[in-house]
Amino acid sequence: MTIAKDDRLSLTNFRDRLLSHIFMEIPIMTHTTSAQQPPTDCGLTQLKRIAPDEQAIAQAELNGYVAEQAQAVAPTTDPLTSRDRRIISEIIQIEPESICTLWIEGGITVWVQLVNGGRLAFERDWFASRVAEVKATLPETPRERNERLSEKLETACKKYGLTHGEIDWLSFSTTLYLNRQRVGFVGCNLQGQWYSRISQLGGGSRTAVDIDAAIALLGVRQAVAA
């Protein structure tokens, strides 16, 4: 079957209409790995000191491990999120990696394009109903959690005219800037609560009901149109 290009809705429109509620608010336990300090010479001459080159190798290995852990939970730039694919794979009973993309034809038929070139067609309302059922019972992976939180962060930054620094994907926290001036730090803890604080180190973190409230605690308000 040949599908006219003009009859297709874009992937973005499909996700907006059909999968807009695809994300779940289930916090996932994550962990951070702290570097162990190298041993020091306490005057016990019988203890062998670690050579500088050995210390450098050990530190490089540790840095590589932490980077790998962060990359494992960092969102991808794929149009379909990993959670999208998991949900679709549960519906059509194939591996998530086999799913390439999907679209709606004529507002009636959902087409799922497979990596191997095959296509599967489903009635839109049935497919939407199955999406709702699956997403209600499918827990988030750490990467899916970060994809959801990242989307909320980007939306909030656009709303308040903010930019943010590099995201720590293991703890999901970052620095916020307004007109290139640092205004504070924001993140989401393991209990799923957004928080913010003025300084990077020390206490002073305050939790909030959502990211908007967390940003408001930093004294940032949405600009009022003239």
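The following legends describe close-up views of a predicted model.

**Figure 1. Overall architecture of the predicted model.** The secondary structure of the protein consists of six helices and eight strands. Along the sequence these elements follow the pattern α-α-α-β-β-β-α-α-β-β-β-β-β-α. The protein has 226 residues, of which 34% count as buried. Where contacts join residues at least 6 apart in sequence, 48% of them link residues at least 24 apart. The exposed area of the protein is about 14,000 Å², and carbon and sulfur atoms supply 53% of this area.

**Figure 2. The salt bridge between Glu-144 and Arg-86.** Six salt bridges are present in the structure. In one of them, Glu-144 pairs with Arg-86, and the closest N and O atoms are 2.7 Å apart. This pair links distant parts of the chain, since Glu-144 belongs to helix H5 (residues 142–160) and Arg-86 to helix H3 (residues 82–92), with their positions 58 residues apart in the numbering. Glu-144 has a relative accessible area of 0% and is therefore buried. Arg-86, in contrast, is partly exposed because its relative accessible area is 22%, and a residue counts as buried under 20%.

**Figure 3. The salt bridge between Arg-148 and Glu-140, and a salt-bridge network.** Side chains of opposite charge can pair when their charged atoms come close. Here the side chains of Arg-148 and Glu-140 form a salt bridge with an N to O distance of 2.7 Å. Arg-148 has a relative accessible area of 5%, so this residue is buried. Glu-140 also counts as buried, because its relative accessibility is 5%. Elsewhere, salt bridges with shared partners join Arg-83, Arg-86 and Glu-144 into one network.

**Figure 4. The salt bridge between Arg-130 and Glu-133 within helix H4.** The side chains of Arg-130 and Glu-133 meet in a salt bridge, with 2.7 Å from N to O. Both residues lie in helix H4 (residues 124–137), where three residues, about one turn of the helix, separate Arg-130 from Glu-133. Arg-130 is partly exposed, with a relative accessible area of 22%. Glu-133 is likewise partly exposed, and its relative accessible area is 43%.

**Figure 5. Aromatic pairs of the model.** The structure contains four aromatic pairs. In the pair formed by Phe-122 and Phe-127, the ring centres are 5.6 Å apart and the planes stand at 40 degrees, so the arrangement is tilted. Phe-122 and Phe-127 are both buried. The rings of Trp-169 and Phe-172 also form a tilted pair, because their planes stand at 55 degrees, with the centres 5.9 Å apart. Trp-169 and Phe-172 are buried. Ring pairs further link Phe-122, Trp-126 and Phe-127 into a cluster.

**Figure 6. The cysteines Cys-157 and Cys-188.** Cys-157 counts as buried because its relative accessibility is 4%. Cys-188 is buried as well, with a relative accessibility of 3%. A disulfide requires a pair of cysteine sulfur atoms within 2.5 Å. By this rule the model has zero disulfides.

Notes
Residues numbered from 1 in each chain as written. Predicted model: local features only at pLDDT ≥ 70, side-chain atom pairs only at ≥ 80, totals over all residues. Heavy atoms only, no water. Buried < 20%, exposed > 50% of the residue type's maximum accessible area, 1.4 Å probe, protein only. Phe/Tyr/Trp six-rings, centres within 6.5 Å; stacked < 30°, edge-to-face > 60°. Salt bridge = Lys/Arg side-chain N within 4 Å of Asp/Glu carboxyl O. Helix = DSSP H or I, 4+ residues; strand = E, 2+ residues; numbered from the N terminus. Contact = heavy atoms within 4.5 Å. Areas by Shrake-Rupley, 256 points an atom, 1.4 Å probe, with all protein chains shown as cover.
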